[in-house]
Amino acid sequence: MFGLRLVRRENPLPGGQVFAFMVGLIVALALGAVLLLLTDHDPIEIYSKMADSSLGSPQAWSTTLTQAVPLGLAGLAVAVAGSMGLWNIGAEGQIIAGAIAGTWIARLGPDLAGPVLIPLMLLAAVVGGGLLALGPALARAHLGVNEIITTLMLNEVAIRIVRYLVNGPWKDPTAVGFPVAPELPEQAALPTLFERANIGVLIAAAVVVVFGFFAARSKWGYELRVAGSSAQAAEYIGISLRTKILTVLVLSGAIAGLAGGLRLGSSSRIVEGIAEGWGFAGIIVAALALMRPSGVAVVAVAFGALRVGGTAIKGQGVPASIADIIQAFVLMGALGAAVFTTYSLARRAPGSENASMVEADA
Amino acid sequence: MTAVELDGIWKRFPGVIANAGASLTVQSGTVHAVLGENGAGKTTLMNVLAGVYKADEGAVRLDGVEQHFTKPADAIAAGVGMVYQEFRLIPTFTVAENVALGAAPRIVAKSAIEQQVADLAERFGLHTEPGREVWQLSMGERQRVEILKALWRNARVLILDEPTAVLTPDEAKELGRITSSMAAEGRSVIFISHKLDEVKAFCDEATVLRGGKTVANSLAVDDLDAARMAELMVGEATAVSQRRIRTTAVGELVLGVEDLVVHDIHGRAVVDGVSFTVGRGEIVGIAGVAGNGQRPLADAIAGLLSTTAGSVAITHTDVSAMAASERNARGLAYVPEDRIGVGLAPRMNVVDNAMMRSYKTLGAGPLVDRGQATSRATSLIETYNIKVAKLDVPLAGLSGGNLQRLLVGRELDDEPVVLIAAQPTRGLDVQGVKAIQDILVEQASDGVGIVLISEDLEELFALSDRLLVMHEGRVSREFDPDTATRADVGAAMAGAH
Amino acid sequence: MNGSLIDSFVAIVTDIGLWVSILEFGTLLYLAALGETIAEKSGVLNLGVEGMMAIGGVSAYWMAIESGNPWAALLFAALATALFSMFHGVLSVVVGADQVVSGLALTILGLGLAAFLGQDLVLQPPGASFEPLTLGPLSDIPGVGPTVFSMGPVSWLAAALGVAAWFVLTRTRAGLSLRAVGESAATADAAGTRVVATRLVSVGVGGALAGASGGYLTLVLAPGWNEGATGGLGWIAVALVIFGAWKPGRVLLGALLFGGLLALGPRLQTLRCQADQEDACIGFDVNPILVSMLPYLLTIVVLVLLSIRSRNRPSLAPAAIGLAYRREER
């Protein structure tokens, strides 16, 4: 029909995803520049301000890395599920669940010493995130219920639980105006690492590295990949899909929950918007990283910088949402560019259109 | 009057010549059988007629007018309908919706369409309920929906590709009535088959293909008997090529299958009481036309399919209740018909695929020892002459022969006692076939008991110590390859007793 | 206690304002959910509804101020959002990108773009509103008169679109093809249906309806524009499609039910706060925030029930949903 057609490459183009990401970034910055021009801003000025505020100094880096923590953990959470072909769209809610569970511990033991309280809070956050994922995991493993929708719905439930808590049982009676929860005890704050970054950065980095290593090198990670690649092959070598689905989804929720717990260490109290869209951004991060932990770390830092830059230009009259717009365009550009890493253009050979249909008897 | 004329059709695919000047002439108002072994080029020839392929050379004529189909829609418009073995129906649509899809009036009045479909069905004596959803129907009913689809588009030539393979005997008889009522209206039916009895019962004439060529053109079926048909299909008994000389005596029993029964999801007994044994160093060949239960039999022995009755024993231990991986641990190796998917994971790399059976033993703790895994993969690659550029790229780029050597090698790596090899050489080129056959022979002489399921009679005669024929889920005959003729085996495959 | 329970119940359900509010929420949800139903019926899951509604909301609000005409604003919102939905259409249908990823990217992009483009609209007063429709004597009938027969014109439009969608999907050749594409693209392709075109049009129609829904939000239901105006309503629309088992009629019932929950929530609290007569509303001490979770929880329950139902029969979900189609891969 067109003379040209797409042919699947035998092997994906090496380094293809880096290429796709770069294309996505260029497309996104170009489209962002158009938007800025349309609203009478100088894109170069805005972009350099964004770059400067996010990467230009140690302090800038510390804020960028702080943003990269929840992004990276949410991205890892999505990637863990994604390595088995499952979708955890519920990281947003699991971050909230983690923050709720952490706050709950802090409310139970406000006088505990920091070195006791912080690990307990983080542990509770991990459990909280995992618990929110447990329902979708059980439903998927035992009844085959689509986990995309169940995890998605639980985001909205979690948002309402935290809204309920800060408006009701946990409402700070002394606060005026917007309802908020009382501040956490001082010793619940995570120790500072450098400038504005706290040790949450190290914890998140350690989780990504350890998990990345474990997923790539362990027998468990291997089984995960076999199950994600072919359910029949997994059955043949004795892997229980049901157990794998259950553990993977709960683990995914737990990792997102940890992000919520770590947020408590950086912000003084739980608020309604504690998750700030990181859970959804994590899906973009994981998709761009092709579900690989190493890629997640890189993309998370890049997107963390974008977010910091987006906040910094608010003074210029540019909405911070420019960061979200650019993130979405990066992904869309990369999705479009990915066609050329998995397919190549070829001339259409006559009669070959349906050749694969009938090979069996040929 | 001549309805269909295929004249000197050539069709080449990379590495394969599917049709080498094949021809076919079908009169209107007749049911015409097209016979041939697997790989004889029947389906390719029919796809040329149905517009799926364009012939490299040769002419397609309908009612004497030369046709130049470039896509299936052209053939449909010219009055050619084809019913494939795998039905193309939408399970949640009603019969009427499936029939009308793509050829419906702009406004679809449900009851009117259903009435029209019912009328059409009645005209040809097809029993169907137009308002029912297809998923509720038996395979026979679904096939009738496919036939109705062709009739709805007013097909004057209907091609049925091995239509009885999925039918019960009663449904097959019903199909015979339908085809004769179509012929009575002056239409033509082309009936692809391997089975003599139904060819004799349903068809008027038969054309036989072998090796992509027409070896018998429009024979009257009355002149056909089992011996003649088998001879035409498989050819003269040429000198048996490199018949395997047994190097060891058949040893103790390594595999015992007893009264095995497997039902499919529709409740049909696809394996219906199969018993046989395999001794050490023995190759037991299983011949049969595709779809007679070989595939579920292999899956059931491997532990991938649950059985209704019967038992499987490996070296005298009953493994019937064991999962596939436990059977593996007891010395069973399986080379499944679906190399990709069941056997190999295409998105994983060579090392990952090579260690699928042994990953638990590679490295002591929770981690896989990548060094060991890589050296294992490397030794497989050397031993079985697998050509790969890199170890860390997904399998998708490997050729069929390399994939199969990787799979066979992996399955044989931890020295099994029994190997189930299902269609191990299908789709491979000549060297690939030889490499796999050599491996099988070598393994047998090392004492492995082998079940070789194949549709290639040449291969079975060359390698087997005993030859079983499966027909309709049962082992219908057993032959000694030293004394049996291909005609005998071919006749048994076609269902003669 | 019992007396007061019944009294409070009667007080709430006899409040005309509740029923008006239910119809308004129902209209909003139905427009978006109907669009998503059409897209999913063709095999394309679009998780971008929340973002599309935001785009529709901001573009309708802007156009209302520019033109002063609510219909022009609604139409503009529909067209602009249909165009916007093509990001997802092209990526998931033409390029074959993962529908989940591409749809979520659409939501993030839509929310971001709407916030960006609408920053100057935040404090502006509405530029236009719909005239209420009164149907003469019908509007005087007690009960249905001041509610159903006083619905705004967009509600009637939504109802009409629902009927039209039902008719097209079940009674026309185009609808048959659309459903076939959503069940098995390969089968539909073999029968001569244009898979890519059908899916693109379905996504576009879904976008137009989500845009209209967003416009209804900013013009009628809660006049005004601010960042975050959609507040999760788009996700309810996605949920509704499942709740309604991909059938326009059942989706309508679901929209009214979920609309009812949204309308009821704040009223429970209002009643509690206004009633100073001690025992007037004991037993209705239900937190409205918890009530607002119900649509999502109900959807999960329905999803589980649908999965159990489809154990020995095909699922009600379009079989090809989420699957990209490329002819060469057959």
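**Group meeting: strands, helices and contacts in a three-chain model**

I would like to begin inside chain B, where strand β13 (residues 283-287) is joined by four bridges to strand β18 (residues 449-453), the two running parallel. Before I go further, please keep in mind that what we are looking at is a predicted model.

Within that pairing, G285(B) stands opposite L452(B) of β18(B). β13(B) also pairs with strand β19 (residues 466-471) of chain B, again in the parallel sense and again over four bridges, and here the bridge partner of G285(B) is L467(B). So how enclosed is strand β13(B) by the rest of the structure? Five of its five residues are buried, and therefore the strand is largely enclosed by what surrounds it. If you follow the side chains along the strand, I283(B), G285(B) and A287(B) point one way, while V284(B) and I286(B) point the other way, and all of these are buried.

Let me stay in chain B and turn to its helices. Helix α4 (residues 110-123) and helix α5 (residues 139-152) of chain B have axes that come within 10 Å and cross at roughly 100°, which means that α4(B) and α5(B) lie roughly perpendicular to each other. Which residues make this contact? From α4(B) they are V117(B), L120(B) and A121(B), and from α5(B) they are L148(B), L151(B) and W152(B). Sorted by character, the residues of this contact are six nonpolar, with no polar and no charged ones.

A further helix of chain B, α8 (residues 226-234), has as its buried residues M229(B), A230(B), E231(B), L232(B), M233(B) and V234(B). These pack against several elements of chain B, among them the strands β3 (31-35), β9 (205-210) and β10 (213-220) and the helices α7 (196-202), α15 (457-463) and α16 (486-493). After α8(B) comes G235(B), and the phi of this glycine is positive, near 85°.

Now to the nonpolar core. In soluble globular proteins, nonpolar side chains tend to be buried together. Here the largest nonpolar core has 385 residues, and those touching the most other members are A74(A), V285(A), I420(B), L452(B), L29(C) and L240(C). Helix α3 (residues 58-82) of chain A contributes the largest share of this core, 14 residues. You will have met L452(B) already, as the residue opposite G285(B). As for A74(A), leaving aside residues up to four places away in sequence, it touches A91(A), I95(A), A256(A), A259(A), W278(A), G279(A), A281(A) and G282(A).

Finally, the contacts of chain C with its two partners, beginning with chain A. This contact takes 36 residues from chain C and 40 residues from chain A. On the side of chain C that touches chain A, at least two residues each come from α4 (70-95), α5 (99-117), α10 (233-243), α12 (288-291) and α13 (294-309) of chain C, and α5(C) gives the most, with 12 residues. That side of chain C divides into 26 nonpolar, eight polar and two charged residues.

Towards chain B, 14 residues of chain C are in contact with 18 residues of chain B. Here α7 (173-183) and α8 (185-190) of chain C each supply at least two residues of the side that touches chain B, and α7(C) gives the most, with four residues. What is the make-up of this side in nonpolar, polar and charged residues? The residues of chain C that touch chain B are five nonpolar, five polar and four charged.

Key. Residues are numbered from 1 along each chain as its sequence is written. Chains are lettered from A and ligands numbered from 1 in the order in which they are written. This is a predicted model: local features need pLDDT of at least 70, side-chain atom pairs count only at pLDDT 80 or more; totals for chains, interfaces and linings use all residues. Two residues are in contact if their C-beta atoms, placed from the backbone, lie within 7 Å. Ala, Val, Leu, Ile, Met, Phe, Trp, Tyr, Cys and Pro count as nonpolar, Asp, Glu, Lys and Arg as charged, and the others, Gly among them, as polar. Axes are lines fitted to C-alpha atoms, for helices over the stretch in contact, and angles run from 0 to 180 degrees between N-to-C directions. Angles under 35 degrees count as roughly parallel, over 145 as roughly antiparallel, 65 to 115 as roughly perpendicular and the rest as oblique. A residue is buried if 20 or more other C-beta atoms lie within 10 Å of its own, exposed if 12 or fewer, and partly exposed in between; C-beta atoms are placed from the backbone. Two strands pair if DSSP finds at least two bridges between them. A nonpolar core is a set of buried Ala, Val, Leu, Ile, Met, Phe, Trp, Tyr and Cys residues joined through C-beta atoms within 7 Å.
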